[in-house]
Amino acid sequence: MAEKDPFELAPVKQYTNLSDIYDDSADNETAKIVVERGPQLGEAVDMYGDLETAEDFGYVNRGNDIRLKSRHIQFIALGGTVGTGFFLGIGRALTQAGPLSLLLGYTFTGVAIYAMMQCLGEMATWLPLPGSIPHFATRYVDGAMGFAVGWNNWISCALTLCTEISAASIVIQYWNGADDINAAIWITLIIVVVLCFNIFTVAIYGEAEFIFASIKLISIVGLLLFAFIIDLGGGPTRDRLGFRYWKHPGAMKAYISDGSAGRFLGFFSTLVNAAFAYAGVEMVAVAAGEAENPRKNIPKAVRRVFWRILFFYVLGTLAIGLLVPYNAQQLLDAQKNNEPGGAASPWVIACYRAAVPVLPSIINAVILTAAASTGNAFLYTGSRYLYALAQNKQAPQLFLRCSRRGVPYVCVLTTASISLLTYMSSTAGSTKVFTWFQNLTSITQILTWLSISIAYLRFHAALRAQGVDRSSSLVFKSPFQPYTAWFSLIFFATIALFNGFYTFPSRTRGFDASGFVTAYVALVIYGALFLGWKFWKGTRWVRSQEADIWTGKKALDEADGHWQERRPRNFWERMWVFIA
């Protein structure tokens, strides 16, 4: 008899009550542990299979006051990873492609990001596990993909941590006197601060991100208002800009080639740049494993990603395209000479052109805050990816060790140790190292989003094959599925395959070997991880009927009934509930 196609969605019995699927005795035992000893230990028993192992290793925490609270999750979703890509990286995309290409590139990428986040939100509310993404790929697709995406994500987070620390050391040199101090001193200071935010309790990380995100949110709203006022002629020069720079020098700049082909390539080049700016948007799902009431807070956070994309990236790129022409000499010189700090930020250039000299130092301080915040966020995320790999037995079991406060300290220290690579900045030059890390992390991030889209397609198939009705059983049901997932998959696959187009020989330039390696080395590493694990462990494609969509769910379902519902008592409390 021929083996069934693994993509076949065989309809089976429809369950009306998910508790019918559980074994009653095991379910009652898990419920007892959750009630008597808290959801932290209950989840650990559910994951590891026995109480002794759970007590030996410990588990990440969501069961008491040292968890991530609702306001932490909401502000992480809104501004947690808005970093140097928004303030610094956006300038290179402008000078390379022009304002319209910049706006279109960030908008199209934002649409694909939102589609991907809908997929991830649905999976993360069904099973809000620490690290989440490697779990989903392993359970629904193939153990080899879980291994590849887990280590790819960890490498991406570790390198982005280096990127942001390097960027922070650049930014500090903007102020007089700081450039005379060796960058290694600033790097050491930033590493110690970020490590302290992560090593003690997850609540400290959450509070730090809440404060950092608040600063970024206020600053970005202020910058958008500033752009609106200056564009309409409300600045000291009283010069009304309108869409002047979209006419002269133009809305789209040709890149590599001439004419329409060159303008298209300029637009396409902004997509990779946008990937770096959007990096870490999936962090909300990673934090789901340590969040209070995740099945209420994660859907809310996922929906708010839309507003983050619209207000920060779409309106932000529009504002920059109105205020600064792509041939602004000050911006081009800053990029060419690798000038430190916010000197290469189009926001700073806009302030100088508008004759508002007090703002550049303020913006530089915000950029420094953003770099430290993003470094903090990626240290947290990288450590949880490593923890998820250990749970899947795709990393040494040593990484399962948690402190009494629920921090996987071995994972945190290991991820933080990679930040020592940033000391290359003190010899090779901070700006040059920042560019190296930015190029490497953009494609690893795209591969993560690709993997999420594939995992969702298999999750969607598994729900149908195992008789779970999405309409009645899911806390968060993403719309237009599975077409939304297919759209994000095709979009990110296209960028990953053609991101190195600029390295190939043309009429005006030869083959760029170093650029080719930078553009495609991440694909090679991902492929090597996937194939290496597949051949070593002999993993196979997970059939929809056999996909593990249940392990870990019992304790989470039991814990749902124990979260306290906060009811606002007046107008101000209702406003705070709406915001956070």
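A salt bridge here is a side-chain nitrogen of Lys or Arg within 4 Å of a carboxyl oxygen of Asp or Glu. The model is a predicted one. The structure holds 4 such salt bridges. Three of them are set out below, with the N to O distance.

| Acidic residue | Basic residue | N to O distance |
|---|---|---|
| Glutamate 122 | Arginine 470 | 2.8 Å |
| Aspartate 142 | Lysine 534 | 2.5 Å |
| Aspartate 239 | Arginine 244 | 2.6 Å |

**Glutamate 122 and arginine 470**

The side chains of glutamate 122 and arginine 470 meet at 2.8 Å, N to O. Glutamate 122 sits in helix 6, which covers residues 99–126, and arginine 470 sits in helix 21, residues 470–473, so this salt bridge ties together parts that are 348 residues apart in sequence. Both glutamate 122 and arginine 470 are buried.

**Aspartate 142 and lysine 534**

In this pair, the closest N and O atoms are 2.5 Å apart. Aspartate 142 belongs to the loop between helix 7 (133–140) and helix 8 (143–172), while lysine 534 belongs to helix 23 (residues 513–537); the pair therefore links parts that are 392 residues apart in sequence. The burial of the two partners can be read from their areas. Aspartate 142 has 1% relative accessibility, and the limit for buried is under 20%, so aspartate 142 is buried. Lysine 534 has a relative accessible area of 23%, so it falls in the partly exposed range between 20% and 50%.

**Aspartate 239 and arginine 244**

Here the side chains of aspartate 239 and arginine 244 form a salt bridge at 2.6 Å, N to O. Aspartate 239 is partly exposed, at 32% relative accessible area. Arginine 244 is partly exposed too, at 34%.

**Threonine 444**

Threonine 444 lies in helix 20, residues 430–465. Its relative accessible area is 5%, so threonine 444 is buried. What does threonine 444 touch, leaving out residues up to four places away in sequence? The answer is Asn152, Ser156 and Ala522. With serine 156, the side chain of threonine 444 also makes a polar contact of 3.1 Å.

**Nonpolar cores**

The largest nonpolar core has 146 residues. Within this core, Phe87, Trp126, Tyr140 and Trp449 have the most contacts. Another core, of 14 residues, lies apart from it. Ala168, Trp186, Ile187 and Ala416 are among the members of that second set.

Notes. Residues are numbered from 1 along each chain as its sequence is written. This is a predicted model: local features need pLDDT of at least 70, side-chain atom pairs count only at pLDDT 80 or more; totals for chains, interfaces and linings use all residues. Side-chain values use heavy atoms; hydrogens and water are left out. Helices (H or I, at least four residues) and strands (E, at least two) are DSSP runs, numbered from the N terminus. Buried means under 20% relative accessible area, exposed over 50%, partly exposed in between (1.4 Å probe, protein chains only). A polar contact is a pair of N or O atoms within 3.5 Å; within protein, one must be able to donate a hydrogen and the other to accept it, and residues adjacent in sequence count only if both atoms are side-chain atoms. Contact means heavy atoms within 4.5 Å. A nonpolar core is a set of buried Ala, Val, Leu, Ile, Met, Phe, Trp, Tyr and Cys residues joined through side-chain atoms within 4.5 Å.
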